[in-house]
Each structure stands twice: as structure tokens, then as C-alpha cells.
Amino acid sequence: MSMRRFLPRFALALLLIAAAALAAVHRDKINPAMLDAWLGSLGPWAPVGYIVLYALAAVALVPGAIFGLAGGALFGAIWGSLWNLLGATLGATLAFLVARYIAADWVARKAGGLLKRLIEGVDAEGWRFVALVRLVPLFPFNLSNYALGLTRIPLQHYVIATLVFMVPGVVAFTWLGHAGRAALTGEADAVRYGLFALALLAAIALLPRLVGRMRESFAWIEPKDLKRRLDGGEGVTVVDVRGPDEFTGSFGHIATARNIPVAELDGRLAELAGLERAPLVLVCRTDKRSATAARTLRAAGFRQVIVLRRGMEQWNDAGLPVEGRAVAATA
């Protein structure tokens, strides 16, 4: 390994060790009172110290709710929300980098079944799945930071989705912490702050049901099930949404498939006229583009939209027949 690649990984490893040691020594002492005393000694550098400590705590798997509430109590609703958001995003990014470049085996063992679900979700939906993970509390925040580092999502997409879609949860906890501080000091607006925070938390709690309904707007099918339905003459229409070069590329295509690239789907819906109530199975290399196409078709009024899980990769892995496979030239 070159020195250019080794040094960043070594620095991340040292950061992880430092964060773990900090959490082990001070885990039981991390509370708003301790933070208030420590930050008071930093003067104008208090926000910077708070953000760094929040990030290191996230790397060390310290519950983020402690900082969410403390940020509101120590810095107020507005500045507390900003510092909490920056600290949580920085911590999530560091954990992601540690998993991707240093501790992949440890993360895989720690995450278990969570890792598989996250990988499948990211493969299917990319940054949108990360947005869902941040917006809806379906997975533990600290552990998902590490597990997402083992997916194929680009770092930039991960950071932007994390920063933007954590806002509702961060604001809710910050305002709740601010309301608690206001109640202790006898502020008249304490009740209003608390009600706002609780209303936002209630809205976040209802999101899983709403998102679940939205995500169920199309169904999934396994390759062998699709092959059985095609062989049985069940009237299934297969639409391959890859580009023409992939359609006749190394993975080939399913014999009866129509090729309509996902980028052209909106302009070629007329080719599917009359199939609005018929079963349409969408295929791509994995299933990411198929999922995107499925949403387009559902919005256009197609009712039985189905996505082939893991696309042509799994179809080929299962040894099922294809046509149009490109054959490499031999000398």
C-alpha cells in the first residue's frame, strides 16, 4: 500500500481509537451538566468543541439523543439545531469512512442482518434509501453509519443525504432540549417549545407507515418465479430499461423483453398503451433503474408494476436462458 493511501487510513484508525477511549472513560459522565462546564471553559471555541465531541461520540457509538437534547439546552433552539446537525453529520461521515477503509470485517460482524438490508436498499434506490434511513427511524443511527460504509453509495451522495434528511429529527430533539432548559429557568414560552418538539417527533413517528405505503407502490419478483410465469403463458410483459448496448451486452436479455431505456420511458409510454392493468415486469442490471422506472409507470397509471429483484445479474446467476448476449471475439 502506498504512503498516500496509508496515511489517511492510519489517521482514521487513530481517531477511532481516541474516540473509543474517550467514550470508555467518560461514557457515564456525558450529560448536559458536564458538557456545559466543559464548553464554558472553551469560550468562543465552544461550538467547535461541541461539534468535535459530538462527532467523536457518534464514532464511539454513544447515543446521539444525549447530544440532541444537550445542544438545545446549551445553545438554544436555532444555534443548537445547527451545531447538532453539523456534529451528527461529521460523526456519521467519520464512521462511514472508518467502515469503508479500516474496519470492514468488524462492521460486518457487528451489523449482521442490518447490513444486508442496507446493502439491498442502497443497491435498489441509492441516495434515496439513505434519505429514508435518516428521515425515518428504522435503523439505529450510530450502527447504520458504519453499515452504510460497506455499501456502494458514493461518499458525496451519502453526506448530502445525511445532512439534509436528518434535519427534522435533529430539530425535534434540539427544541425538546431547549424546552427543558426553558422550563427550568421559568421562561413563559417553554410549553410552546415543548409542544412544537413533540409535534415534530409525532410526525416523524408516523413516517414509517406513510413511507411504507409509498414504497409498496410496486411489487418484487424473483427470477425463477418470473421464468415460471413466462413459461406458463400468464401474459406478463417484460420491459428491460437498460440502454441498447446493455440489452445486447454481456448479460443478454430475457427472450420476450421489450427494450425501453429508463431515460426514454416518459416519452415512450405510448408503446405500452393498453397494458395499464396488465402485469409489467421491469428489468435492469441490478434493480435500481427498474425501481426508478416503476415509480414513473405507477405515476402514469399502470397498476401491476413489478421489479425483477437484482435484475439480470441474478437472472444469469440462476442460469436462466438469455438472448442477444454479446460474444467476445477470439483470436
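This is a short walk through the fold, from the whole chain to its sheet and then to one pair of helices.

What you have on screen is a predicted model. The protein chain holds 16 helices and 5 strands. Of its 331 residues, 44% are buried. Sequence separation tells you something about the contacts too: among those between residues at least 6 apart in sequence, 72% join residues at least 24 apart.

Let's turn to the sheet. Its 5 strands make an open sheet with parallel pairing, and the order to trace is β1-β5-β4-β2-β3. At the edges sit β1 (219-221) and β3 (258-259), each of which pairs on one side only. Helix α13 (residues 223-231) packs on this sheet and touches β1, β2, β4 and β5. The direction of α13 makes about 85 degrees with that of β1.

A good place to pause is strand β4, residues 279-283. On one side, β4 runs parallel to strand β2 (residues 237-240), and 4 bridges join the two; here V238 stands opposite V281 in β4. The pairing of β4 with strand β5 (residues 304-308) is also parallel and spans 4 bridges, with P279 having Q304 of β5 as its bridge partner. Moving on from β2, you reach β3, which runs parallel to β2 and is joined to it by 2 bridges. Look there for V239, whose bridge partner in β3 is R258.

How is β4 covered on its two faces? In a regular strand, side chains alternate between the two faces of the sheet. In β4, P279, V281 and V283 lie on one side, L280 and L282 lie on the other, and all of them are buried. Put as a count, 5 of the 5 residues of β4 are buried.

Finally, let's visit a helix pair away from the strands we just traced. Two packed helices are described by the angle between their axes and the distance between those axes. For helix α6 (residues 104-111) and helix α9 (residues 141-148), the axes come within 9 Å and cross at roughly 130 degrees. An angle over 145 degrees would count as roughly antiparallel, and 65 to 115 as roughly perpendicular; α6 and α9 are therefore oblique to each other. The crossing of α6 past α9 is left-handed. On the α6 side, W106, V107, K110 and A111 make the contact, and L143, Y146 and A147 do so from α9. By class, this contact has 6 nonpolar residues, 1 charged residue and no polar ones.

Methods: Residues are numbered from 1 along each chain as its sequence is written. This is a predicted model: local features need pLDDT of at least 70, side-chain atom pairs count only at pLDDT 80 or more; totals for chains, interfaces and linings use all residues. Side-chain values use heavy atoms; hydrogens and water are left out. Axes are lines fitted to C-alpha atoms, for helices over the stretch in contact, and angles run from 0 to 180 degrees between N-to-C directions. Angles under 35 degrees count as roughly parallel, over 145 as roughly antiparallel, 65 to 115 as roughly perpendicular and the rest as oblique. A crossing is left-handed if the near helix is turned anticlockwise from the far one by less than a right angle, and right-handed if clockwise. Contact means heavy atoms within 4.5 Å. Ala, Val, Leu, Ile, Met, Phe, Trp, Tyr, Cys and Pro count as nonpolar, Asp, Glu, Lys and Arg as charged, and the others, Gly among them, as polar. Buried means under 20% relative accessible area, exposed over 50%, partly exposed in between (1.4 Å probe, protein chains only). Two strands pair if DSSP finds at least two bridges between them.
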